[in-house]
Amino acid sequence: MGLFTDHYYEIAAVVLFGIGFMGLLLHNNLIKKIVGLNIMDTAVYLLLAQRGMVFGRVAPILGDNLTPSAEQYINPIPAGLVLTGIVVSVSVSAFSLALTHRLYKKYHTLNLDEILLKSKKEKENKEKAVTH
Amino acid sequence: MHDMPFIYNFPFFSILLTLIGGMSMPFFRNGRVAQKINMGIIIAVGVMNFILFCNLVSTGEHFTYMMGHFPAPWGNEIRGGPFEALMATVFAFVMGFAILGGVFNIYEDVPKKKQYLYFLMMNLLLSSMIALIYTNDMFTAYVFIEINTLAACAIVMSKDSGETIVATIRYLIMSLLGSGLFLMGLALLYNITGHLLMESLQPVILQMAESEQYYLPLTVVFAVTTLGLCVKSALYPFHSWLPGAHGSATSSSSAILSGLVLKGYIILLMKMMYRVYTPELLAKLHITDAIFVLGIIGMIMGSIHALRERHIKRMTAYSSVAQIGYIFMGIGLNSEVGMMAASFHILSHAITKPMLFLAAGGLANVSGHSYEFKDLKGAAHRNKIAGVAFVIGALSMIGIPLFAGFPSKLFFSTGALHSDYFRMPLVLIALAVSTALNALYYLPVCINIWRMKDEPGHGHGHGSDDHSASHGGEPEAVHAVHAEALGHGSISHAVSHGAAAVADAGHADSGGHELLHDTDGAHEMHHGKTGITPAFVVSMVVFIASNFGLGIFYGPVMDAIRKGLELL
Amino acid sequence: MSEKHESHETSETEYKGSKNPFVAWVNADPTPEEAPWTEEKLEALRAGETYVREEKPVITEEERARRFNKVYKPLAVVLCCAFIALLVFVCLYTPPFGATDVPTNNEVSFKYIEDGLADTGATNVVAGMILDYRAFDTLGESSVLFTAVMSVMILLRKDRDGSLVNDPAEDAALAKEEKISVQHRDVILRTMAGIISPFVILFGIYVVLNGHISPGGGFSGGAIIGAGLILISQGFGSAKTKKFFNFKVFTIITSCSLLSYAALKCYSFYTGSHHIETGIPHGIPGAILSSGFILPLNIFVGLIVACTMFGFYSLFTKGEI
Amino acid sequence: MVDTQTVLVWILLGFLITCAVASMITKNLLTTVLIFMSYSLVMTIIWIVLESPDLAGTEAAVGAGVTTILFFITLKKIGALHTNKKGKKKKLKEGEENE
């Protein structure tokens, strides 16, 4: 039982990382890939942020306590790192969604394998057109 | 320390200057103005880092620069040394001339209203690479890895053809997989050690390594971070995104992607090896062996893939995969000489590959924008400087003495001789096989681009091709003279050009200028302009000269790298 | 018959010259299997009887992709599960959750909490850490956002002189949507947007301004303001937001706030590394105008994030801001 | 031995994992994005339980808010939003795309 009472956050985070990782690798639908990517990133941020928490301590907002002592508040570093991380994953998913939009407009499918096949065929026709 | 010399501010200045340059670009929406600002910033950064490099090599010390009011473990910090300064100088130099060389293609490929965005991305790419080189904090490295990924994907897709967007989505997904793995390793490392700064991580890791029971977590954490960086720098099994991205982008984008962006991650890996995981611990945990084996496989398989390509840029992209295999094999040699050879190869590849890509772009410009071999037949005669540059780049890639590729291969083999019985035969065999494979796929292209375009019924022109061109230059020159005289253009012109292809750089320089006004438009050019702009010729000549310079004077560069690696 | 023969003649010399595989390869002629002209086939051709080329069973791309998938998928699943099991096993070595004597609670976090108020003047230690102790990360952070919005602009922005991006079909669809949203407006959305959006924007501004006192700060406040702008643009149609938020306004706000953010950070990095006091008072802890640079930095980050979020929205819907 | 808060956290983490698995398995893209939205909301609650309100605010506004809006707009542009009971204009299944 020691395993689950001490490390449940980390195990959940790693399992979520695995789900996101598998989603990214296995699904060839682009929207599913991006959702998998977001799940993978949030899982790593969960792993980072859970390290900051200490039982019996409060969030590091010092209200009017002008002489704070470290025993009252939790560790602020992971919170700062994850804040940066969340904004990174938003900008990355916005960029990949824009790519998906352009790909759908050109190839009318969200299936990455089909897109690759269509672009290969298109390249071959272009070459044939150039040579004749 | 109030007496910090002024030049220690240069890394901070170069990072901030490029960032501010990138941020202020939306005010200049005209592509040409943006290009001039970008070039000015790159020159300033290159000069600053070069001065810093000369000073640091002479004094032989490294320094840390506090970003903010608080010392290292609390505030951010960047750390400079001769190795980082040298890398930053070469990165700025190569980026400047790669953009200068490919500027004609940029204005042609990138839609007119989005050219300023292209140069904005170039600024951000340079700032993130310099920040990656100088940073001393792992999470700052992760943030600038993200900027690097986004900017690199942006310059791949700014060519706006369907093919580049498919290549970009594959590149983006694989890169995000890599940075996800790197962040996972970083999170676990922070969990176990509690530090993010590279300096304060090392004592904790070494102290944990003493207690035997911590071997598994350390191995997994190092393996995950190294795996993330290997995925991002296209080591062999994770290279599937590279040919698409580098093959379809504009020539200066693929030059910068292949020459610099891949190397930024390798330099970060080297810094982590020296400052965080100490090479001895990595060897004990067998991660260096894994890198070594992947490097060896990459060297050979990359070249084999390149053999099958009929598209000149995809072939050069696959040869980048092989050269990345060389660098990782050098790191895997787990010896001082091996690491020196790997970093020298980073420099020589960073100089040679952009030249190859720009030359390929130049050749394609004069043969109807097609990169297929059959269309590039005899293209070098139309764009002579690109042909000369491609031949020199190819010879340097093969590792022929006098060129930049030779010293790195020399040091790889000396590194192999020093290493243990398991690595030495593997390295020497792999070097030989890979060099042969390099020759097998570069020489036919050189011969192909220099062959005379045989009009029908010009039968006897085939004669010279039958005997296999072991040393491409010699028979080719004779043949060129013969065919040239029969075809068009004066004999003197042909002789001086033919000789330039074989003789040393000095002559080629003069040949280069002479080629400037030699726009023999006798070919079916789809549009009047052949792309041989003065900027293109200047950048080609500078790349050729630097290739020869590095190939001949590799001694001082090697000493600087040895001093840099000691202080890394 | 003769001219057909003639055409074979030239192609024959073409192939005659390249029977030697190395030269065929050098000339990059079609790879041998595409030109199966062996000697006896040529004799047969000259003899004039018809020649049928044996059809090689061509594996279609889809077939090869399907076969690759059949192997790739189970292998990837097994690999991922092994990787996850390994990571779970490593998690057991990490210290237990919520313990106090944990390596991460070292002198770095103690200093942040104890001296945070004195050094930065911000009662919200996380905001103080982001914008003052580790400000270089947040500078990188804002440039990640800036890079993302600029690359989405490369992809989706329609420029008037007909680049690849805008095709007539999509313009027509967009115009139809605009017409629909103008004529019979969605009453529920419009009234609710009218009621809610002022409070959303006000709350966002509150969160940005109180970033260094209460939780929140530039990032979350900016995102709330961005969401408020999206609500307004969705509720009242994009024409209304275009009046006060077009492309010029967007570039000015984003670039100016980014440049002033970088300038402030430049100043504080330079003075920090040279141990020069910045001379900005920290003010009374808990008051809005306290904690030196953190308030202006929060405002700039809030503006950047708000403009970026709204920029993403309008680039995605209308293709231009 | 196990206080109520850890039980609550176990439930939340269980919900997170089921959300992640569900959004990966469903065929219809609209459901995937909806489930991902609830995944972000539950993540906001977990940030509050982990005593970091900054993250909760940012995740709510940015993760659940803007990311999901961008997903919906992309699906709208792709035409995956028109779910029709009679299935005439079928939902954009992962398998067959409506050309």
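Chain C is built from 12 helices and 0 strands, where helices (H or I, at least four residues) and strands (E, at least two) are DSSP runs numbered from the N terminus. Read along its sequence, the pattern of chain C is α-α-α-α-α-α-α-α-α-α-α-α. This is a predicted model, in which local features need pLDDT of at least 70 and side-chain atom pairs count only at pLDDT 80 or more, while totals for chains, interfaces and linings use all residues. Residues are numbered from 1 along each chain as its sequence is written, and chains are lettered from A and ligands numbered from 1 in the order in which they are written.

**Inside chain C**

Of the 321 residues of chain C, 39% count as buried; that label needs 20 or more other C-beta atoms within 10 Å of the residue's own, with C-beta atoms placed from the backbone. Two residues are in contact if their C-beta atoms, placed from the backbone, lie within 7 Å. Among contacts in chain C between residues at least 6 apart in sequence, 71% join residues at least 24 apart.

**Where chain C meets its neighbours**

Let's start with chain B: 61 of its residues are in contact with 52 residues of chain C. Several elements of chain B give two or more residues to this side, among them helix 1 (10-24), strand 1 (63-67) and helix 18 (423-450). Helix 5 of chain B gives the most, with 11 residues.

Turning to chain D, 17 residues of chain C are in contact with 12 residues of chain D. Helix 10 (218-244) and helix 12 (294-318) of chain C are the elements that give two or more residues to the side touching chain D. The largest share, 7 residues, comes from helix 10 of chain C.

**Inside chain B**

Chain B is divided into domain 1 (1-285) and domain 2 (286-568), with bounds from an automatic or database domain assignment. Between them, 50 residues of domain 1 are in contact with 49 residues of domain 2. On the domain 1 side, helix 10 of chain B supplies the largest share, 15 residues.

**Make-up of the three sides**

Here Ala, Val, Leu, Ile, Met, Phe, Trp, Tyr, Cys and Pro count as nonpolar, Asp, Glu, Lys and Arg as charged, and the others, Gly among them, as polar.

| Side | Nonpolar | Polar | Charged |
|---|---|---|---|
| Chain B, touching chain C | 38 residues | 15 residues | 8 residues |
| Chain C, touching chain D | 12 residues | 5 residues | no residues |
| Domain 1 of chain B, touching domain 2 of chain B | 31 residues | 16 residues | 3 residues |

Notes: Buried ≥ 20, exposed ≤ 12 C-beta atoms within 10 Å, placed from the backbone.
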